[in-house]
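Reader: I am new to this structure. Please take me closely through one part, the open sheet, and then show me what else is worth locating.

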Amino acid sequence: MGTRLIATGSYLPKTSLSNDDLTNFLDTSDEWIYKRTGIQKRHIATDENTSDLGAKAALNALEKVDISPEEIGFIIVATMSPDFISPSTACLIQEKIGAINAFAFDVSAACSGFIYALTIADSMFHTQSCEYGMVIGAEVMSKMVDWSDRKTSVLFGDGAGCVILKKDSQNSIMYASLNSDGSHYKALTAKEQPVQNALCTIDSKHHALDMDGRAIFNFATKQVPIEMLDALQQTSLKPDMIDYYVCHQANARMIDIFAKKLKQPIEKFPMNISRLGNTSSASIPILLDELCQTRHICLDGTKTVMMTGFGGGLTWGTLIINI
């Protein structure tokens, strides 16, 4: 028993914010941002929350397959920017799309979240009686950042991506690996929830996203290629046997380094970060949907794709899948 990916979908807020737009309220420039990150613009939600974006991505995916929302057995949402701490964003999306028979829950693993959620979804087909499942990465990162902090506010964008999975006699997921290192949790934190109650009263300030960019860059450029090469070794695949390396879109310079370390052409590492910025857990499914829209991937089982995510936690994870 296994998992087959049968549809993708995505949704981006209509408002786009360019680097030049940011100079109206930040001491920065298009050249400064682009040189360091590869980002030129990003989409920003103005009247939509994370569940709204996720629901629209889910409906976009459902339009591409002949199944109804009622047939979806589970919804797993990867997000670090939920509408609420409780209820889960997945439950809100379940209601919005009418998936009345699905159980739903969130996964919090920052920019690795979609890889975590997809790996969990694969296990669901082994233990549950579902025929179809849905995995969504959805983020409104614009509500998480301090917009006066140019180190972080220039990096992030909003959006959502979705995949629909079907239980299958053969498993298209060839390899999955999830990893964490909590000893470096301070490298990326957001919205700290301090203890405050009748017995313990402290400053209840909710801190905006804080990131040690250099630490994250060094971690990713060292650890992620090791993980990718290990995935290839474990599956007896050569780097050139992978059709596309779909990486979390954190920084174009990082992805260039990944390609060099694997000695693969940069064309096999598709990027949309220049247009979308870092959309955290949504970046991989959005990019995957773009590849399907352009017919680089046709979901006919003929392409072998490596997906890799990395971010706060610290967390990182890799999947190899035939799609």
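Author: Here is the sheet, followed by some helices and a few unusual backbone spots.

This is a predicted model, in which local features need pLDDT of at least 70, side-chain atom pairs count only at pLDDT 80 or more, and totals for chains, interfaces and linings use all residues. Residues are numbered from 1 along each chain as its sequence is written, and side-chain values use heavy atoms, with hydrogens and water left out.

Start with the sheet. Five strands form it, in the order β1-β7-β6-β4-β5. The sheet is open and its pairing is mixed. Strands here are DSSP runs (E, at least two residues), as are helices (H or I, at least four), and both are numbered from the N terminus. Two strands pair if DSSP finds at least two bridges between them. The edges are β1 (2–11) and β5 (103–107), each pairing on one side only. From one strand to the next, the twist averages 20 degrees. Such angles run from 0 to 180 degrees between N-to-C directions, and axes are lines fitted to C-alpha atoms, for helices over the stretch in contact.

Now follow the pairings. Strand β4 (residues 72–78) runs parallel to β5, and five bridges join them. There V77 stands opposite D106 of β5. β4 also runs parallel to β6, with six bridges. I76 has V135 in β6 as its bridge partner. Strand β7 (residues 158–168) pairs with β6 in the antiparallel sense, over nine bridges. In that pairing, A138 is matched with A160 in β7.

Look harder at β6 (residues 132–140). Nine of its nine residues are buried, meaning under 20% relative accessible area, where exposed is over 50% and partly exposed is in between (1.4 Å probe, protein chains only). Y132, M134, I136, A138 and V140 point one way. G133, V135, G137 and E139 point the other way, and these are buried too.

Next, two helices that pack. The axes of α3 (residues 50–62) and α4 (residues 89–97) are 9 Å apart, at an angle of about 50 degrees. That angle makes α3 oblique to α4, since angles under 35 degrees count as roughly parallel, over 145 as roughly antiparallel, 65 to 115 as roughly perpendicular and the rest as oblique. Contact means heavy atoms within 4.5 Å. On the α3 side are T50, S51, D52, G54, A55, A58, L59 and L62. On the α4 side are T89, L92, I93, K96 and I97.

Helix α10 (residues 283–293) is largely enclosed by the rest of the structure, because ten of its eleven residues are buried. Among them are I284, L287 and L291. R295 follows α10 and has a positive phi, near 70 degrees.

Finish with the backbone. Most residues other than glycine have a negative phi, and most peptide bonds are trans. The bond from S86 to P87 is cis, with omega near 10 degrees. P87 sits in the loop between β4 and α4. The bond from G313 to L314 is also cis, with omega near -10 degrees. L314 is in the loop between β12 (304–311) and β13 (315–322).

Two serines have positive phi. S236, at about 60 degrees, lies in the loop between α7 and β11 (244–247). S280, near 50 degrees, lies in the loop between α9 (273–276) and α10. S236 counts as exposed, at 63% relative accessibility. S280 counts as buried, at 0%.
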